[in-house]
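Trainee: Please take me through one part of this model in close detail. Short sentences suit me best.

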Number of protein chains: 2
Amino acid sequence: MLGRLNHVALAVPDLAAATAAYRDTLGARVTAPQALPEHGVTVVFVDVGNTKIELLEPLGEGSPIAAFLEKNPSGGMHHVCYEVDDILAARDHLKASGARVLGDGNPKIGAHGKPVLFLHPKDFFGTLVELEQA
Amino acid sequence: MLGRLNHVALAVPDLAAATAAYRDTLGARVTAPQALPEHGVTVVFVDVGNTKIELLEPLGEGSPIAAFLEKNPSGGMHHVCYEVDDILAARDHLKASGARVLGDGNPKIGAHGKPVLFLHPKDFFGTLVELEQA
């Protein structure tokens, strides 16, 4: 069921500074920032060849990463996202296995325009897992 | 400089339970556990096609992930590892850019038998970054 790693998301308090660190200090290819107001974040993609790193900064009120940054003011690793071929089949398998899907259990359209689900970190040893329809 | 994502490391308090969750609940391919006493961990690799997830459980006294699990008893995302072509050139560039290399600044032989360095998480917005010679 679990497909490739789509991205690793890192929450950062200062996207411009983080982008500069990845571009200049680590020598990575980075995109221009994209504001995603409907998702409450501004994102920069770091292209590492086989997958991507997403640097996320809160945007607007009620950002989904605001509480994380309150607890981790310097930033930190926020979630990992895996691709699945069939997100509804994956959801049904997960629920039957006892894993908790966050929200109402139905896929939402994620930041890449595809259906996504988030799984409860307590069911995956403290890691927030996102699944995205491939 | 920054090459592909070699792995994402997740620290877990119970490797058998975490392996079962990735294999059975998420439907991923997992390896048998490997004890790496010289690195203070037992590891299971989760193959996600384009990269790998490493599930790490402390092994023996003074495990490098023991303090992390004391702070995060359920487990959590521990570090990301990127490949570099020339780890000494990378180290020199990083130090010249003001980034702090952990330890004495010299590469050590990592869990895959290749030279590795760890960078101070405060220089990378709360994320512990490992670099591994490709």
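**Charged pairs and the A–B interface**

Mentor: Start with B:Arg91 and B:Asp92, which form a salt bridge with the closest N and O atoms 2.8 Å apart. (Salt bridge: a Lys or Arg side-chain nitrogen within 4 Å of an Asp or Glu carboxyl oxygen.) B:Arg91 is buried, at 13% relative accessible area. Its partner B:Asp92 is partly exposed, at 44%. (Buried is under 20%, exposed over 50%, partly exposed in between; 1.4 Å probe, protein chains only.)

The model is predicted: local features need pLDDT of at least 70 and side-chain atom pairs 80 or more, while totals for chains, interfaces and linings use all residues. Residues count from 1 along each chain as written, chains are lettered from A and ligands numbered from 1 in written order, and side-chain values use heavy atoms, without hydrogens or water.

Chain A has its own Arg91–Asp92 pair. A:Arg91 meets A:Asp92 in a salt bridge, with N and O 2.8 Å apart at the closest. A:Arg91 is buried, with 13% relative accessible area. A:Asp92 is partly exposed at 44%.

Over all chains, the structure holds 12 salt bridges. One of them joins the side chains of A:Arg4 and A:Glu83, N to O at 3.3 Å. This pair links distant parts of the chain, 79 residues apart. A:Arg4 sits in the segment before β1 of chain A, and A:Glu83 lies in strand β6 of chain A. (Strands are DSSP runs of E, at least two residues; helices are runs of H or I, at least four; both are numbered from the N terminus.) A:Arg4 is partly exposed, at 37%. A:Glu83 is buried, at 14%.

Now the interface. On chain A, 42 residues are in contact with 43 of chain B. (Contact: heavy atoms within 4.5 Å.) The two chains bury about 3300 Å² between them, and 68% of it is on carbon and sulfur atoms. (Buried area: accessible area lost by two parts on being put together, 1.4 Å probe, summed over both.) A:Leu26, A:Met77 and A:Phe125 lose the most area in chain A, together 24% of what that side buries.

Across this interface, the rule finds 0 salt bridges. It does find 13 residue pairs in polar contact, both residues at pLDDT 80 or more. (Polar contact: N or O atoms within 3.5 Å; within protein, one able to donate a hydrogen and the other to accept it; sequence neighbours count only through side-chain atoms on both sides.) On the side of chain A that touches chain B, β1 (5–11), α1 (15–25), β6 (76–84) and α3 (87–96) each supply at least two residues. That side has 24 nonpolar, 14 polar and 4 charged residues. (Asp, Glu, Lys and Arg are charged; Ala, Val, Leu, Ile, Met, Phe, Trp, Tyr, Cys and Pro nonpolar; the others, including Gly, polar.)

How do the copies relate? Chain A superposes on chain B by a rotation of 180 degrees, with 0.0 Å of shift along the axis and RMSD 0.0 Å. (The fit is least squares on C-alpha atoms with pLDDT of at least 70 in both copies.) That is the relation of a two-fold axis. The same surface serves both copies, as 100% of chain A's contact residues recur in chain B.

Last, look at A:His79 in strand β6 of chain A. A:His79 is buried, at 5%. Its side chain makes a polar contact with that of A:His7, at 3.3 Å. Leaving out residues up to four places away in sequence, A:His79 touches residues including A:Leu56, A:Phe118, A:Glu130 and, across the chains, B:Met77.
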